[in-house]
Amino acid sequence: MASLKYLILGYGSMGRRHAANLRHLRPEARLIISDPLCPAPGASDGPTLFYRDWDRALIDHPDAQGAVISSPTPNHLEQMRACINRGIPALVEKPPCRESELESFRALVEQAGGLPCAIGFNYRFHSVLPQLHEMAKSGELYFKAQDDLAEKYGPTVGGTMASHALDLALYLLGPKESLISGETNGYRLQADVLHRGGGHSKFHQEINELGRFSYVRSSQSRVDLFPDESMYRREMSAWLTWVESGVKSSQLATLADGLAVMEVLAQCKVS
């Protein structure tokens, strides 16, 4: 299908990963990449065309099948809105917005309707997912992670780290019934969530600590969430299938799933 065309808004480490996966999965597609640090506007590299102005890229390519939004978090909401207004499906990196933008994001979720838009909660595609489903049968999961990312991302532990764990908990144990407790100072987040049906999840996430690890524990077992490059490709493949055929994988996180995560984060008390 020679007419395939996808936009990538943001070409840092995640944007480059997504571009590589798109090239692998859809070698015939043209990639329109936008980033302030891209080569001169109009420059091309084979089937790739570069822009520095993301809005110009959208204006010039309204026929794109979809857009991957992998820019810094403060840009996500505006870029999502621009895509949805044009009817362009989007795969948006997590978090979909900042906690302060929750209500604006809620309105955008309603506006998007059935447009094939997804949030990049790629741990749903991790190779250990079958084990996590088994652990979830216990009804209780504990998520702990730490990494030294504060210098790069600032005090954003909720969106940068905890959002992945929260989405996994909601995916595995079901929607939130209530937030029993939640507190964050930007560098550390602790939360206790009750799920509908009686499931229970707890979280301890730190973004300003040396020694990277991430794991999920139940009363009977523990699974480490080591980096899994294949999960990014599986996620991309599922989103492309949804965009191009209308068939959605149940593993893909929708905008509504992203909203559910942001609602928990917004309820956490700032200490």
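This briefing covers the nonpolar core, the pairing of strand β8, and the two largest pockets of the structure above. The model is predicted, and the residues are numbered from 1 along each chain. Helix α7 is a recurring element, since it gives the largest share of the largest nonpolar core, of the lining of the largest pocket and of the lining of the second largest pocket.

**Nonpolar core**

- The largest nonpolar core holds 91 residues, and those with the most contacts inside it are Tyr6, Leu7, Phe105, Leu132, Trp239 and Leu255.
- Helix α7, which spans residues 157-173, supplies 10 residues, the largest share of this core.
- Leu255 touches Met80, Ile84, Phe105, Val109, Ala112, Cys117 and Ile119, when residues up to four places away in sequence are not counted; of these partners, Phe105 is itself listed with Leu255 among the residues with the most contacts inside the core.

**Strand pairing around β8**

- Strand β8 (residues 140-148) runs parallel to strand β11 (residues 200-206), to which it is joined by seven bridges, and within this pairing Leu141 has Ser201 as its bridge partner in β11.
- Strand β8 also pairs with strand β12 (residues 208-217), here in the antiparallel sense and over six bridges, with Arg217 in β12 as the bridge partner of Tyr142.

**Largest pocket**

- The largest pocket encloses about 1200 Å³ of space, and of the 47 residues that line it, Lys94, Leu149, Tyr153, Thr160 and His164 lie nearest its centre.
- Two or more lining residues come from each of α1 (13-25), α3 (73-85), β8, α6 (150-153), α7, β12, β13 (222-224) and α8 (229-245), with α7 giving the largest share, six residues.
- Sorted by class, this lining comprises 20 nonpolar, 15 polar and 12 charged residues.

**Second largest pocket**

- The second largest pocket has a volume of about 300 Å³, and its lining consists of 20 residues, of which Glu99, Pro155, Thr156, Gly158 and Gly159 lie nearest its centre.
- The elements that contribute two or more residues to this lining are α3, α7 and α9 (255-267), and the largest share, four residues, again belongs to α7.
- By class, the lining of the second largest pocket is made up of 10 nonpolar, eight polar and two charged residues.

Conventions: This is a predicted model: local features need pLDDT of at least 70, side-chain atom pairs count only at pLDDT 80 or more; totals for chains, interfaces and linings use all residues. Side-chain values use heavy atoms; hydrogens and water are left out. A nonpolar core is a set of buried Ala, Val, Leu, Ile, Met, Phe, Trp, Tyr and Cys residues joined through side-chain atoms within 4.5 Å. Buried means under 20% relative accessible area, exposed over 50%, partly exposed in between (1.4 Å probe, protein chains only). Contact means heavy atoms within 4.5 Å. Two strands pair if DSSP finds at least two bridges between them. On a 1 Å grid over the protein atoms alone, a cavity is a set of points where a 1.4 Å probe fits but cannot get out, and a pocket is an open set with protein on both sides within 12 Å along at least five of seven lines; lining residues have an atom within 4 Å of a point. Grid points are joined across faces, edges and corners, and a volume is the space filled by probe spheres set on the points. Ala, Val, Leu, Ile, Met, Phe, Trp, Tyr, Cys and Pro count as nonpolar, Asp, Glu, Lys and Arg as charged, and the others, Gly among them, as polar.
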